[in-house]
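Please open the structure in a viewer and keep the selection panel at hand. The tour proceeds by selections, each followed by a description of what is found there.

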Amino acid sequence: MHWTSPESRSRSLYERARQIFPGANTRQQIWMSPYPPYLSSGRGSWVTDVDGHRYLDLTGNLGVLIHGHAHPLVNAAIANQLEHGTCFALPTEAELKLGGLLCGRVPGFERLRFTNTGSEAVAVALRAARAFTGRSRIARIEGVYHGSDDLAAVGTDSSPDNWGTDPASTPRYPGMPAAILDQVMVLPANDLPSTERLLGSAGSSLAAVLVDPAPLRCGFTPLRSDYLTLLRDLSRRTGALLIFDEVIAFRLGFSGAQGRFGIDPDLTALGKIIGGGMPIGAVAGREDVMAVFGNELEPARVPASGTFTANPISMVAGEAAMSLLDSAAFEHLEQLGNAVRERVASIIHAAAVPAQVTGVGSLFCIHPHDREIHDYRSYHRSEVEMDIIGRLHRSLLEQRVLLTPNGSGFLATVMREQDFQALFDALPRALSEAFREVLNRSS
Ligand SMILES: Cc1ncc(COP(=O)(O)O)c(C=O)c1O
């Protein structure tokens, strides 16, 4: 039964949710109108809804599940740990194993601290930068999503209404204190002269430059390498720390995005894949900077702790997942990504609609326009384009293919090229339904 049918099980769960949650949901990013199908299970590349329909899942819970759902080795690690307890108020060896594995992969990870989410990792990294430099302001790139921390969220909601020559420090919600907005300088991605001017004008007030090297809101198009180099050089020159947000981008290589792009940030925020499907985050980086969390010689200048931090369930799941991610796994992901992007591009071409696909490694994003994407403004979708991507997403879902509502996809090691046939078969109809008005107008 269709999930929107009044008799469906999804419908009855939605009706219950309306009595419990504002807007019937407790996770806005994945919500869709009038309500989504509710899921009951997932295995490998597939998920099943409560009415028994199977979908090809290209979201992997927004980039978390790099080995797909319910991977047997990750499950076995979790099941084994369950027998021994789920969380303790003293450290366990499990945290050393995952922490050691991560530090062993990335030369710049001299020390590491776990958190519970990517948002918390970004927040803690910014706090560390402030404590280390004794400065309070930060710079970040326009439109990029860095999670829910207030400071990191300024400038995320840039839109044509506030597009001046320089990006504005836009609030994330009404009433966001001006004192927080004042603390954030927003930079235009890939614009070297403006970024040089803006960072130059900030002088010695900046604690950190926060950057995701391949942001979703630039279509997972990596930032230009001369731009990343400029950020590295300018942050060094001004005495600010360079923080990479690799909450998603860590999946771009064995040594993360920094290994792939050859940049050495001072600190890195991690999340998603490193927890093997369980909640996690981490901050890693230079030993002298990480000393703000305390060491044998000095007490912590930045408190960083949480009831569930380094809980052994997340640690063992993460260790199992990360151990599976060897060079062969990255090569496989790279091949899958290239194959999917190439085939989607040819389907878009054949459909003769103004769409495009972008991305890198195991990431891809379908766009409801064909402008060249080099920053947030060229990525940004008008109301008409939002409507088009909404219809594309909905049509794919009707055909049992799950992308994120903004048209992005995350590939997993368990996928094989034949798994994508469901996407390739569904896409022509989805494009024609999404672009119906545009196509009608031009015929
Ligand atoms: C680049 C980036 N940074 C930070 C976050 C926040 O991570 P979390 O949702 O685990 O708090 C996200 C989440 O999608 C992200 O994509």
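Begin with residues 327–351, helix α13, and add residues 421–434, helix α16: the two helices pack at an angle of about 25 degrees, with their axes 10 Å apart. An angle under 35 degrees counts as roughly parallel, so α13 is roughly parallel to α16. The crossing in which α13 passes α16 is right-handed. The model on display is a predicted one.

Next, select residues 192–202, helix α8, together with residues 225–238, helix α9. Their axes lie 11 Å apart, and the packing angle is about 10 degrees. Helices α8 and α9 are therefore roughly parallel to each other as well, and their crossing is right-handed.

Now turn to the ligand and display the residues around it: Thr-117, Gly-118, Ser-119, Tyr-145, His-146, Gly-147, Asp-212, Asp-245, Val-247, Ile-248 and Lys-272. Coloured by character, this shell divides into 3 nonpolar, 5 polar and 3 charged residues.

Within the shell, three contacts merit a distance label.

- Gly-118: a backbone N or O atom is 2.9 Å from an oxygen atom of the ligand.
- Ser-119: a polar side-chain atom is 2.6 Å from an oxygen atom of the ligand.
- Asp-245: a polar side-chain atom is 2.7 Å from a nitrogen atom of the ligand.

Finally, show the surface of the ligand. On its own the ligand has 390 Å² of accessible area, of which the protein covers 83%.

Methods. Residues numbered from 1 in each chain as written. Predicted model: local features only at pLDDT ≥ 70, side-chain atom pairs only at ≥ 80, totals over all residues. Heavy atoms only, no water. Near = heavy atom within 4 Å. Polar contact = N/O pair within 3.5 Å; in protein donor to acceptor, adjacent residues only side chain to side chain. Areas by Shrake-Rupley, 256 points an atom, 1.4 Å probe, with all protein chains shown as cover. Nonpolar A, V, L, I, M, F, W, Y, C, P; charged D, E, K, R; others polar. Axes fitted to C-alpha atoms, helices over the stretch in contact; angles between N-to-C directions. Helix = DSSP H or I, 4+ residues; strand = E, 2+ residues; numbered from the N terminus. Parallel < 35°, antiparallel > 145°, perpendicular 65-115°, else oblique. Left-handed = near helix turned anticlockwise from the far one by under 90°.
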